[in-house]
Amino acid sequence: MKSLLKYTFAFFIIATTLTFTSCSSDDDTATTVDELAGITKFQEFSNDTHTIELYSKEGNLEQGFNEIYIRIKDKATGNYEKNAAITWTPMMHMSMMNHSCPKSEVVQKTPNGTLYSGYIVFQMAQNATEYWDLKIDYTINGTAYTTTSEIDVPASAKRKVTSFTGTDGVKYIIAYAAPSQPKVAVNDIVLGVWKMQDMMHFPIVDGYKVKIDPRMPSMGNHSSPNNVDATQTALGELYKGKLSLTMTGYWKINLQLLNAEGDVLKGEAITDTVTESSLFVEIEF
Ligand SMILES: [Cu+2]
């Protein structure tokens with residue numbers, strides 16, 4: 001009996017060793033897995049020559065700020081392109097007109113890597129009759145390619161983006177970019193401020209300030225200590241500040257947008273009588 005048990009145990013060890021050995025032999029696979037760590041593919045579209053793969057951390061898109069990752073696969077060889085120059089054009093097709101939205105450039109994540117990334121800010125969600133598509137133009141070794149596909153942009157559960165006209169008559173878009181996973185702590189908050197120049201162009205606004213005042217409406221509208229208003233550290237960048245969250249739950253992040261001269265273009269300071277700003281984003285965690 002005892003020797004049978006030993007024999008069974010020895011067999012189990014050999015089987016286990018074989019399993020682990022066979023799983024960890026492919027170097028190519030290991031590199032690919034590392035590049036895609038933490039992101040999930042949510043869509044593929046293709047033209048005659050390539051398959052374009054879209055990834056995000058959440059494995060989908062939604063209304064608001066979206067970090068998006070791209071890989072381009074050569075259909076003939078199955079290899080991923082490492083020297084592509086990519087531009088993109090998101091477009092919303094509405095019943096009366098088409099318009100684009102704020103977006104970054106598309107940059108290669110690592111030298112000689114296969115992954116490219118950037119952000120797109122969908123200021124509106126799709127609905128039954130109006131939809132977004134994404135055109136991707138890219139050049140590889142001097143040859144230009146293009147492909148366009150419809151994308152799914154459902155409404156976000158909480159307000160993550162807001163469009164408005166400032167007291168200066170300019171149309172602005174403000175979006176909440178981070179933290180995507182808020183903590184009970186002083187978080188690094190990232191907001192974006194863009195101007196709607198026309199239907200196709202939404203440049204970043206430089207040199208402004210976004211005042212932040214997080215409140216819990218369900219608990220006497222209490223605030224939190226040690227928040228820091230969001231500003232740019234360099235021109236052309238997103239706005240960074242500190243968001244203090246003292247407990248989990250629903251927080252309304254009341255905002256005020258100030259221009260370089262300190263004039264309030266939109267939003268109100270919170271007082272005993274003014275319990276919310278007309279400019280805000282929301283989180284719940
Ligand atoms: Cu629209």
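Helices (H or I, at least four residues) and strands (E, at least two) are DSSP runs, numbered from the N terminus. By this reckoning, the protein has two helices and 18 strands, and Ala230 sits in strand β14, residues 228-231. The model is a predicted one, in which local features need pLDDT of at least 70 and side-chain atom pairs count only at pLDDT 80 or more, while totals for chains, interfaces and linings use all residues. Residues are numbered from 1 along each chain as its sequence is written.

A word on confidence helps before the details. The average pLDDT, the predictor's confidence in each residue on a scale from 0 to 100, is 91 for the protein, and 88% of the residues score at least 70. Residues 8-30 stay under 50, and the model has zero contacts beyond four places in sequence for them; here two residues are in contact if their C-beta atoms, placed from the backbone, lie within 7 Å. Where pLDDT is low, the predicted coordinates should not be read in detail.

Ala230 makes a handy starting point for a tour of the fold. A residue is called buried if 20 or more other C-beta atoms lie within 10 Å of its own, exposed if 12 or fewer, and partly exposed in between, with C-beta atoms placed from the backbone. Ala230 counts as buried because it has 23 C-beta neighbours inside 10 Å. Beyond four places in sequence, the contacts of Ala230 are Ile189, Leu191, Val210, Ile212, Tyr239, Lys240 and Gly241. Ile189 lies 41 residues from Ala230 in sequence, yet the two C-alpha atoms are 7.6 Å apart.

The strands around Ala230 can be followed through their pairing, for which DSSP must find at least two bridges between two strands. Strand β14 runs antiparallel to β15, with two bridges joining them, and Val228 stands opposite Lys242 in β15. Strand β15 (residues 239-245) is also joined to β12 (residues 185-195), by seven bridges and again antiparallel; in this pair Ile189 faces Gly241.

Val210, one of the contacts of Ala230, leads on to the nonpolar core. Such a core is a set of buried Ala, Val, Leu, Ile, Met, Phe, Trp, Tyr and Cys residues joined through C-beta atoms within 7 Å. The largest has 51 residues, of which Ile70, Leu191, Val193, Val210 and Leu255 touch the most other members. This core takes at least three residues from each of domain 2 (36-151) and domain 3 (161-284), the bounds coming from an automatic or database domain assignment. Outside four places in sequence, Val210 contacts Ile174, Leu191, Val193, Asp229, Ala230, Tyr239, Leu255 and Leu257. Across the protein, 26% of the 285 residues are buried.

Two open sheets deserve a look as well. One has five strands in the order β1-β2-β3-β7-β6, with antiparallel pairing. Its edges are β1 (40-46) and β6 (107-108), each with a single partner strand, so one side of each is left without a neighbour in the sheet. Six bridges link β1 to β2 (residues 50-56), and Lys41 has Tyr55 as its bridge partner in β2.

The other open sheet has four strands, ordered β5-β4-β8-β9 and paired antiparallel. Here β5 (98-99) and β9 (143-151) stand at the edges with a single partner strand each, so one side of each is left without a neighbour in the sheet. Two bridges hold the antiparallel pair of β4 (residues 84-93) and β5, where Met92 has His99 as its bridge partner.
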